[in-house]
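Please look over the model shown here. The paragraphs that follow take a few local features one at a time.

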Amino acid sequence: MQTCRLVAAVACLALLVVSGCGPERPTTAAGTPTTYTCCDGEDVDTVYQPGQEMTVHWIVKPGSDPAAKPTEVELTARLTGPYGDVSELKSAAGGTTAPASEEVTFEARPVRPSGAAGERPASVIPIAEDAPPGFYNLIFALHEGGGGVSGASVVLVAPKT
């Protein structure tokens, strides 16, 4: 009877060790890549006027291996509008209504960050002097290795004072 208990205890101990209760597993050699997201809250909360520049400050989350070679990334940003209100903008962006008849687009040059430590990429969107006031759709995207992700936010351009 004691022999059965001893065998059962050894079997349970072996099962715990084999199932991962042992030492921590090593991480992959490549680690996690540096990631970029848009943007500082102040960038979209600011009310802009025609003739100003909107600076989109990209948020950088460094990867886990600073020695790893960064992948090539392209960051883009543009403003499209104007729309009379936010619901009109969202309907047009969602494809449920036609874009504004006088729709204009202001676009930043693509940014290609190097991935260097402490780098703080920014996209600068020049808003034309004659930009109509209203709500604009800020569309931002990260393109990498044939794929990408994008998002959007609402920005207000007020009449020039």
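Begin at aspartate 43, which sits in helix H2, residues 41–45. The model is a predicted one. Is aspartate 43 buried or exposed? Aspartate 43 is buried, yet it has no salt bridge. Arginine 120 carries the nearest side chain of opposite charge, and that lies 6.5 Å away. A salt bridge needs a side-chain nitrogen of Lys or Arg within 4 Å of a carboxyl oxygen of Asp or Glu, so this pair does not qualify.

What does the side chain of aspartate 43 reach? It reaches the backbone nitrogen of histidine 57, at 2.7 Å. Histidine 57 also appears among the contacts of aspartate 43. Setting aside neighbours within four places in sequence, aspartate 43 touches Tyr48, Met54, Thr55, Val56 and His57.

Stay in this part of the chain for the backbone. Cysteine 38 and cysteine 39 are joined by a cis peptide bond, with omega at about -10°. Cysteine 39 belongs to the loop between strand E1 (35–38) and H2. A cis peptide bond also joins glycine 81 and proline 82, where omega is about 0°. Proline 82 is placed in strand E3. Most peptide bonds are trans.

Strand E3 leads to the sheet. How are the strands ordered in this open sheet of 4 strands? The order is E4-E3-E6-E7, and the pairing is antiparallel. Strand E4 (104–107) and strand E7 (147–157) form the edges. Each has a single partner strand, so one side of each lacks a neighbour in the sheet. On average, neighbouring strands are turned by 20° against each other, direction ignored.

Now take one pair from this sheet. Strand E3 covers residues 73–83 and strand E6 covers residues 134–144. The two run antiparallel, and 9 bridges join them. One residue pair can be picked out: alanine 77 has phenylalanine 140, in E6, as its bridge partner.

A helix comes next. Helix H3, residues 86–93, lies across E3, E6 and E7. Helix H3 runs at about 40° to E6. Glutamate 88 is found in this helix. Its relative accessible area is 34%, which means that glutamate 88 is partly exposed. How far apart are glutamate 88 and phenylalanine 135, in sequence and in space? They are 47 residues apart in sequence and 9.1 Å apart in space, C-alpha to C-alpha.

Definitions and conventions
Residues numbered from 1 in each chain as written. Predicted model: local features only at pLDDT ≥ 70, side-chain atom pairs only at ≥ 80, totals over all residues. Heavy atoms only, no water. Pairing = 2+ DSSP bridges. Axes fitted to C-alpha atoms, helices over the stretch in contact; angles between N-to-C directions. Contact = heavy atoms within 4.5 Å. Buried < 20%, exposed > 50% of the residue type's maximum accessible area, 1.4 Å probe, protein only. Lys, Arg positive; Asp, Glu negative; His and termini not counted. Polar contact = N/O pair within 3.5 Å; in protein donor to acceptor, adjacent residues only side chain to side chain.
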